[in-house]
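This report describes side-chain contacts in one protein model. Look at the sequence and the structure first, then read on.

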Amino acid sequence: MRLLKRSPNGDLELISFHDDNPPPYAILSHTWTDGEEVTYNELVSGTGKVKTGYAKIRFCVDTAAQDGLQYSWVDTCCINKSTVEELQVAINSMFRWYQGASKCYVYLSDVLAPEIETNPPYQPFYTEVINVQAFRITWVKAFRRSRWFTRGWTLQELLAPASVEFFSKEGNRLGSRILLEQDIHEVTQIPVEALRGQSLSEFSVEERMNWAANRTTTLKEDKVYCLLGIFSIFLPLIYGEGEAYASLRLREEIQKRQEARGTESLQDLTVSSPLPFPKNESFVGREDQLQSLEHFLLPNTHRRMTLYGLGGCGKSALALEFAYRALARHAGLLVFWVPAISQESFELAYREIGIHLHVPGITDNNADIKGLVKKALSSDSLGQWLMVVDNADDPGVLMGRTIGDPELARLLDYLPYSSRGKILFTTRSRKAAKDLTPSKVLELNNMGKAEARQLLARRISKKKLLNNEESVVKLLELLAYLPLAIIQAAAFINSNNTLVSEYIILFRNTATEAELFRKQFEDPSRYREMESTIAKTWHISFDEIRRQDPLAGEYLSFLACIDPINIPLSLLPPTGSPLQRMKAIGTLKGYAFIIERPQGLQELDSDELFDMHQLVHIASEWWLKGHDELTAWMAKAAARLEELIPYGGYERKEVWTRYLSHALHVAGLDSILDETVKASLLDRVGRCQSSLGQYSAAETTYRQALLLKEKNLGEDDIQTLLSMNEVGLALSDQGKYEEAELMNRQTLARFEKVLGAEHLDTLT
């Protein structure tokens, strides 16, 4: 097949690829205008730019680029129709080409949508309707009457692609096939199930024939030929034979296939893939990882791979996108989704697979469901299949002995093995990833800036809320380019009609951070029993860590109370044996909760340093709050810091300097730590800052301690007087002699009042 690509000078060029392994591409669906479409020869020679059809080609290419796709396919110019042989191959391959597209853009030249705002203001295809769904009344009638729904070839273009998006004449996005499915169903009478991707073979021959009954084509034979892909039939094209003979040949071929196939054996069953979630129409990016997964799927041998990454980075979303693309590109492929959240969820998924495959005995009382499904999938006669084992975070679920099993087999032992099957695991645990597939682990990091920008733009329903690019960039930085965080923020912005710049202000208010991220939103690609909140996503891992490795759980609780950046290993509580401590750190690194900072050669003998993901840190704090443990752990963190931070001096300065930011973090948390403890900790930090020559910082720290002591101990307490003295010294060290003299005289007067004129401290 040939694909369009924009060259560096802005022109379009055609590049040929093998049908079996093309790069990701977008595809255009449209209705033709006689004499105005750009042909293959005209595109190659560059003579077609004056035609109105050229603007549609640019629209497809440019929209694809916005979606991160380099290649596009347009039927008018990617097929050399002057060659009969090529036309034959193209028409028989058309359904498969639409099936394999990452995106299908339906351009409706007879549907006008209101241009409420343009951003950026280019014509004709770069204008963007602000919340176009809010103005449905202005275009929905034209949409339902569109000529596109009456043409024969557009039937397969509606049903074949995994993702279909509709655009108005101005190039404004009206919605996806899923969003507009009710309108499409009422216009076409095609069942909603078919629009949602259910296997077309599950609908009767007559039902599928009726879908095209009222459609028209320019050539009468095409009214039959446009159904070839709908029935997975390949026929030679004989223009001139007429519709009746073409229809007869099609029905004869369908009957031959049915008779040859039979309906009794497993390998002949056509089964809709039991994927638990609809295709995510807002999915963007991750093309490199999708390519890696596609290569994993290709060899005709049994293979297993694990997707590993931080909770919320998009592992399940990527696996789901891959599953839908695999279904579109590989005819006859079966895809199964098995959540490994618990033994019960695993067994329920296996039962559903058995029912879909009509496995004999699967519904019998006391049936060995896991054994029957394993046997069926291990049979090489079944056909190509892909199994996604999602959320394999708890090693005890897959690798522990199953409850009630007489032979105490593991669930892992019930995973099928076939040369025609592949298994893809997703997990938050690096250890689980290495245990499941030691040599095949694909690590998923946070999104790149461009991908994150695309995701946010897709999720924001009113584009005017993306009020300026600087705010968007800042928000994505704050959210650490984490997909689930971006989705959560977008949901809040949409629900509250909040500008991105306003949301940033809310996010920076630590008092509202938890409230913002606890807001639930409907996300059909998360399990219902797993709340769709960022806190819940990570709390699953927290609970698992505490159960698997109690010391790692203690470290995690401790880390929630200190600064998440530059965490020295020596700061952690010295509990457990050296081996246990090493194992606990390994657990936290394995769950990607902490990342070890690289050290230079001169630092190899110094303390190990770690960073903690900012949003993981916030979620950790919520977890402690939710379990009424935050105050206790804050006290432990403060006690540990007081133990390690001296009252200034120079001994081991390079060690305790790294503790100071953590002490300031603990002391800066409002309404959690006892204020006298905060003041005591600030005293130590101030002394150390003075020893380091950081006199201005020391003044600020001493003043904070003084305010806390005056409030909690009173103005005449000896500890309050000592803090006044430290403020005076810090002022003097900065050369602020007049302020220092004033503070020192006030301090002296207080000492005389409290201790007397002859007291040693007063004389000092």
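## Side-chain contacts

The side chains of E165 and R458 form a salt bridge, with 3.9 Å from N to O. A salt bridge here is a side-chain nitrogen of Lys or Arg within 4 Å of a carboxyl oxygen of Asp or Glu. E165 belongs to strand 6 and R458 to helix 18 (residues 449-459), and the pair links distant parts of the chain, 293 residues apart. Helices (H or I, at least four residues) and strands (E, at least two) are DSSP runs, numbered from the N terminus. E165 has a relative accessibility of 2% and counts as buried. Buried means under 20% relative accessible area, exposed means over 50%, and partly exposed lies in between (1.4 Å probe, protein chains only).

The model is predicted, local features need pLDDT of at least 70, side-chain atom pairs count only at pLDDT 80 or more, and totals for chains, interfaces and linings use all residues. Residues are numbered from 1 along each chain as its sequence is written, and side-chain values use heavy atoms, with hydrogens and water left out.

### Other salt bridges

The count of salt bridges comes to 33. Three of them, including the one above, are set out here.

| Pair | N to O distance | Separation in sequence |
|---|---|---|
| E165 and R458 | 3.9 Å | 293 residues |
| E186 and R144 | 2.8 Å | 42 residues |
| K49 and D11 | 3.0 Å | 38 residues |

E186 lies in helix 7 (residues 181-188) and R144 in helix 5, so their salt bridge ties together parts that are apart in sequence. E186 is partly exposed at 39% relative accessibility, and R144 is partly exposed with a relative accessible area of 31%.

K49 is in the loop between helix 1 (40-45) and helix 2 (53-66), while D11 is in the loop between strand 1 (2-6) and strand 2 (12-16). K49 counts as partly exposed at 44%, and D11 is partly exposed at 32%.

Which residues are linked with E165 and R458 in a network of salt bridges? The network also takes in D67, K103 and R173.

### Aromatic rings

The whole structure contains 15 aromatic pairs. Rings of Phe, Tyr and Trp (its six-membered ring) pair if their centres lie within 6.5 Å; planes under 30 degrees apart count as stacked, over 60 as edge-to-face and the rest as tilted. The ring centres of W148 and F166 are 5.6 Å apart and the planes are at 90 degrees, so this pair is edge-to-face. W148 is in the loop between helix 5 (140-144) and helix 6 (154-159), and F166 is in strand 6 (residues 164-167), 18 residues apart. Both W148 and F166 are buried. Ring pairs also join W148 and F166 with W139, F143 and F149 in a cluster.

Some charged ends sit over rings, which requires NZ of Lys or CZ of Arg within 6 Å of the ring centre and within 35 degrees of the ring normal. The charged end of K370 is over the ring of Y414, 5.0 Å from its centre. The charged end of K636 is over the ring of W633, 4.0 Å from its centre.

### Cysteines

How many disulfides does the structure hold? The number is zero, where a disulfide is a pair of cysteine sulfur atoms within 2.5 Å. The sulfur of C77 has its closest cysteine sulfur in C78, at 4.3 Å, which is too far for a bond. C77 is buried with a relative accessible area of 0%, and C78 is buried with 3%.
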